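Trainee: Please pick one place in this model and take me through it closely, and then show me how the parts around it fit together. I would like to follow each step of the reasoning.

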Amino acid sequence: MTAQELTDIIYGAGVNFSKVFDELLTMAQCDEILYDTSETPFRFSVPANAQAAAQAAAQAAAAAAGSAANKPGSYVIITASPNTDGLTAACGKAAHDGIVNAGGKAELIDISAAGLKACLVCKDGWGNCCSPHDGKAVCVIADILPELQTKIRASQGIILVSPVYFGQPSERMKYFFDRFRRCEANNKNGSAAAGKQIDLIAAAGGSGNGTTSCIAEMETWSQHVGAIPKDRIAVTRFNRDMALKFIEDAAMRMVAGRFFRRPR
Ligand SMILES: Cc1cc2nc3c(=O)[nH]c(=O)nc-3n(C[C@H](O)[C@H](O)[C@H](O)COP(=O)(O)O)c2cc1C
């Protein structure tokens, strides 16, 4: 791939950083690339001994990504608590504030209020959603899921906020996990969440026990759908005030994309 082709990827269907990183890693024959998007144009760093072509590609990517960064990105925040005025809602609001304060566009979607339904596990578990498909095999349930898929695909990042129930995400969040994963994990066009930055937030109002297992479950799901976890935040009633500030800061950093190192 030439530097021009790499630039075209970036200018094409939005900045697909996952793809850009893969190309740069291959061309530079190194294990990791560090980029800093706190200023434009972005700075991509490759090892000094990388091939000349990779250096040129990194420069082209930086220039193109810098232009793209001037366009405000959109971010999807999903909350899943039946309590519209509790800790989960406060975390969602903090995430929303952080994105907006950093110049991004935020959409806060409460999938409990929207009534997102549970998977029906069609066809002995092998429903159309679960077979390899080109994105046209949709879930048979008519609710908000297709809208979420479309919005997540168009987004630059995702923030999930779930209450902690029995050390796990809420039932409603698990409905979303189950159905989104079935529809997107086998999508031949690539998962709608592939390469997206994702922040994972567990809101525990009780003892705080089980926040880590709740986040671990969210992280496993992120990996199944190709999203790239950034901050994992455990919120309890004890750390609430500081945690809400941290969520806002994490959301701002997501928009700024500061010092994000992609794992190999
Ligand atoms: C069924 C159920 C299970 C819960 N399990 C836990 C738990 O394992 N650990 C914990 O710290 N809190 C637990 N809680 C408390 C919730 O995490 C707490 O109510 C939290 O604030 C929920 O978010 P909300 O404020 O949005 O309702 C549980 C609550 C319910 C209703």
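Mentor: Let us begin with S222, which counts as buried because it has 23 C-beta neighbours inside 10 Å, where 20 or more are needed. Keep in mind throughout that the model is predicted. S222 sits in helix 7, and once residues up to four places away in sequence are left out, it touches I198, L200, A227 and P229. Its C-alpha atom is also 9.1 Å from that of A194, although the two residues are 28 positions apart along the chain.

Two of the residues that S222 touches, I198 and L200, belong to strand 7, which covers residues 197–204, and this gives us a way into the sheet. Strand 7 runs parallel to strand 5, and seven bridges join them; one of these pairs I159 with D199.

Strand 5, residues 157–165, deserves a longer look, for eight of its nine residues are buried and it is therefore largely enclosed by the rest of the structure. Besides strand 7, strand 5 pairs with strand 3 in the parallel sense, over five bridges. Within that pairing, V76 has I158 as its bridge partner, and I78 has L160. With strand 6, residues 168–169, strand 5 instead pairs in the antiparallel sense, over two bridges, and here V164 stands opposite P169. The chain makes a hairpin between strand 5 and strand 6, with two residues in between, and F166 in that turn has a positive phi of about 50°.

Moving on from strand 5 to strand 3, we find a similar setting, since five of the six residues of strand 3 are buried and it too is largely enclosed by the rest of the structure. Strand 3, residues 74–79, is joined by six bridges to strand 4, residues 105–110, and the two run parallel. To get from strand 3 to strand 4 the chain passes through helix 4, residues 87–101, in a right-handed β-α-β crossover. If you want to trace the pairing by eye, S74 has K105 as its bridge partner in strand 4, while V76 has E107. V76 is a useful marker, as it is also bridged to I158 in strand 5.

Helix 4, the connecting piece, has 15 residues, which should span 21 Å at 1.5 Å a residue, and its end C-alpha atoms are indeed 21 Å apart, so the two figures agree. Its buried residues are L87, T88, C91, G92, A94, A95, H96, G98 and I99. An α-helix has 3.6 residues a turn, so residues three or four places apart point the same way. What covers the buried residues of helix 4 includes strand 3, strand 4, strand 5, strand 7, strand 8 and helix 8. After helix 4 comes G103, whose phi is positive, near 95°.

One of the buried residues of helix 4, C91, leads us into the interior. Apart from neighbours within four places in sequence, C91 is in contact with V161, I201, A203, V235, L244 and I247. C91, I201 and I247 are the residues with the most contacts inside the largest nonpolar core, which has 55 residues. Helix 8, residues 240–256, supplies the largest share of this core, with seven residues.

Helix 6, residues 171–185, brings us back towards helix 7, where we began. It has 15 residues and reaches 20 Å from its first C-alpha to its last, close to the 21 Å expected. Among its buried residues are R172, Y175, F176, R179, F180 and C183. The buried residues of helix 6 pack against strand 3, helix 5, strand 5, strand 6 and helix 7.

For the wider setting, the protein has eight helices and nine strands, and 42% of its 264 residues count as buried. Of the contacts with a separation of 6 or more, 75% are between residues 24 or more positions apart. A word of caution about confidence belongs here too: the mean pLDDT is 84, and 72% of the residues reach 70 or more, but pLDDT stays under 50 over residues 259–264, for which the model has 10 contacts beyond four places in sequence.

Methods
Residues numbered from 1 in each chain as written. Predicted model: local features only at pLDDT ≥ 70, side-chain atom pairs only at ≥ 80, totals over all residues. Helix = DSSP H or I, 4+ residues; strand = E, 2+ residues; numbered from the N terminus. Buried ≥ 20, exposed ≤ 12 C-beta atoms within 10 Å, placed from the backbone. Contact = placed C-beta atoms within 7 Å. pLDDT = per-residue confidence, 0-100. Pairing = 2+ DSSP bridges. Right-handed = clockwise from strand over helix to strand, strands pointing away. Core = buried A, V, L, I, M, F, W, Y, C linked by C-beta atoms within 7 Å. Expected span 1.5 Å × (residues − 1).
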